[in-house]
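This report describes the fold of one protein chain, from its overall composition to individual strands, helices and backbone angles. The sequence and the model are displayed first.

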Amino acid sequence: MFAGPLFFCKRCGYALSLGDGDYRRVGVVSYPKSGRTWFEHLVYHYTLAHFDAVDLDYGFTLRPTLRKKFQCLLLDRGRDAAYPILSFRHGGSKGDRSTARLRDKTQDFLEGPTILLVRDPRAVVVSYYHHLRTKGECRSNDLATFVRDPEQGLARIVRFLNFWARHACAGHAHLHVVRYERLRADTRTALASALSFAGVSQVEATARDHAVRESSFEAMQARELSRPGARRARLGATDTLRVRRGGAAGVDELADADRALIDRVLAADLDH
């Protein structure tokens with residue numbers, strides 16, 4: 001399960017591999033722009049509060065669970081499977097165009113406890129369009145063209161969801177589905193359910209409430225805007241932010257024809 005290091009940071013090159021028997025390892029998989037950053041912050045802030053270690057908070061960072069002090073906290077307190085260590089991965093990243101690659105990744109994750117984050121494909125396609133434009137990796141000049149792009153647009157999202165749908169519908173014992181919309185509507189309950197599945201024996205209300213407060217959209221965006229590299233966003237270019245809009249972000253940007261197309265594709269091609 002999860003070939004490669006348990007922890008890895010691209011920025012500093014820090015990597016650490018451990019024996020599977022020493023820790024309870026849980027995979028978190030999602031398609032890009034399905035709420036991974038928010039969910040990771042929720043888990044991060046819950047864990048800090050759970051271990052009475054909120055002083056280790058770095059402020060806003062895109063991947064808080066990869067910071068070395070946080071990892072050392074987990075390694076110290078999580079030994080002997082007493083506390084789960086969550087490994088966050090995107091299952092629809094570059095190179096996952098073929099069905100064989102997607103199938104292999106799905107099976108790899110399901111060898112152990114896996115949390116699947118899913119979100120309304122309409123919101124995902126809009127948010128992913130802006131994300132790729134910011135990175136200079138978008139092949140389309142406009143949103144309408146992007147929606148119809150078979151390699152970056154809606155079709156790719158549907159392929160990803162369909163590979164997971166059969167496991168979710170069958171009630172796979174190793175799989176827990178977290179729906180972004182449910183997480184937004186009742187964050188405390190959805191977070192507690194996910195943590196319980198991951199192996200937290202008793203979810204603490206105080207730590208949970210701290211995580212919800214510190215990971216609110218307003219709190220996260222304010223922290224991101226305070227970063228030195230967020231100057232463009234402070235001047236009004238908020239589409240450059242990782243914490244861009246939240247909620248049903250960007251669905252209102254879709255033209256009527258694009259919404260109608262998406263609805264037809266989802267009704268015809270998305271497995272339920």
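Among contacts in the protein between residues at least 6 apart in sequence, what percentage joins residues at least 24 apart? The value is 69%. The coordinates are those of a predicted model, and the sections below should be read accordingly.

**Overall composition and confidence**

The protein has 272 residues, of which 49% count as buried. Its secondary structure comprises 12 helices and six strands. About 13100 Å² of the protein is exposed, and 48% of this area is supplied by carbon and sulfur atoms.

The mean pLDDT is 82, with 76% of the residues at 70 or more. Residues 1-5 form a stretch with pLDDT below 50, for which the model shows 19 contacts beyond near neighbours in sequence. Another stretch with pLDDT below 50 covers residues 231-238, and here the model has 11 contacts beyond near neighbours in sequence.

**The parallel sheet**

Four strands make up an open sheet in the order β4-β3-β5-β6, with parallel pairing. Its edges are formed by β4 and by β6 (175-179), each of which pairs on one side only. On average, neighbouring strands of the sheet are turned by 25° against each other, direction ignored. Helix α1, spanning residues 36-50, packs on this sheet and touches β3, β4 and β5. The direction of α1 makes about 170° with that of β4.

Within the sheet, β3 pairs in the parallel sense with β4 (residues 84-90) over seven bridges. On its pairing with β5 (residues 114-118), β3 is again parallel, here over four bridges. Individual residue pairs give the register of these strands. The table lists three of them.

| Residue in β3 | Partner | Strand of partner |
|---|---|---|
| R25 | I85 | β4 |
| V28 | F88 | β4 |
| V28 | I115 | β5 |

V28 thus has a partner on either strand: F88 stands opposite in β4, while I115 is the bridge partner in β5.

How many of the seven residues of strand β3 are buried? Six of them are, so β3 (residues 24-30) is largely enclosed by the rest of the structure. The edge strand β4 is also mostly covered, with five of its seven residues buried. As a general point, side chains in a regular strand alternate between the two faces of the sheet.

**Helix α4**

Helix α4 consists of 15 residues, 121-135. The distance from its first C-alpha to its last is 21 Å, close to the 21 Å expected at 1.5 Å a residue.

Is α4 mostly covered or mostly exposed? It is mostly covered, as 11 of its 15 residues are buried. Among them are P121, A123 and the run V124, V125 and V126. The buried set also includes S127, the tyrosines Y128 and Y129, the histidines H130 and H131, and L132. These buried residues of α4 pack against three helices, namely α5 (143-148), α6 (154-169) and α12 (256-269). Just after α4, the backbone at G136 adopts a positive phi of about 75°.

**Positive phi values outside glycine**

Two residues on either side of α1 merit attention for their backbone angles. K33 is not a glycine, yet its phi is positive at about 70°. This residue is found in the loop between β3 and α1. Is K33 buried or exposed? Its relative accessibility is 16%, and because buried means under 20%, K33 counts as buried.

D52 is another residue other than glycine with a positive phi, near 55°. D52 lies in the loop between α1 and α2 (68-77). At 68% relative accessibility, D52 counts as exposed, since the cut-off for that class is over 50%. The two loop residues therefore fall into opposite classes, with K33 buried and D52 exposed.

Technical notes
Residues are numbered from 1 along each chain as its sequence is written. This is a predicted model: local features need pLDDT of at least 70, side-chain atom pairs count only at pLDDT 80 or more; totals for chains, interfaces and linings use all residues. Side-chain values use heavy atoms; hydrogens and water are left out. Buried means under 20% relative accessible area, exposed over 50%, partly exposed in between (1.4 Å probe, protein chains only). Contact means heavy atoms within 4.5 Å. Accessible areas come from the Shrake-Rupley method with a 1.4 Å probe; for residues, only the protein chains shown count as cover. pLDDT is the predictor's confidence in each residue, from 0 to 100. Two strands pair if DSSP finds at least two bridges between them. Axes are lines fitted to C-alpha atoms, for helices over the stretch in contact, and angles run from 0 to 180 degrees between N-to-C directions. The expected span of a helix is 1.5 Å times one less than its number of residues.
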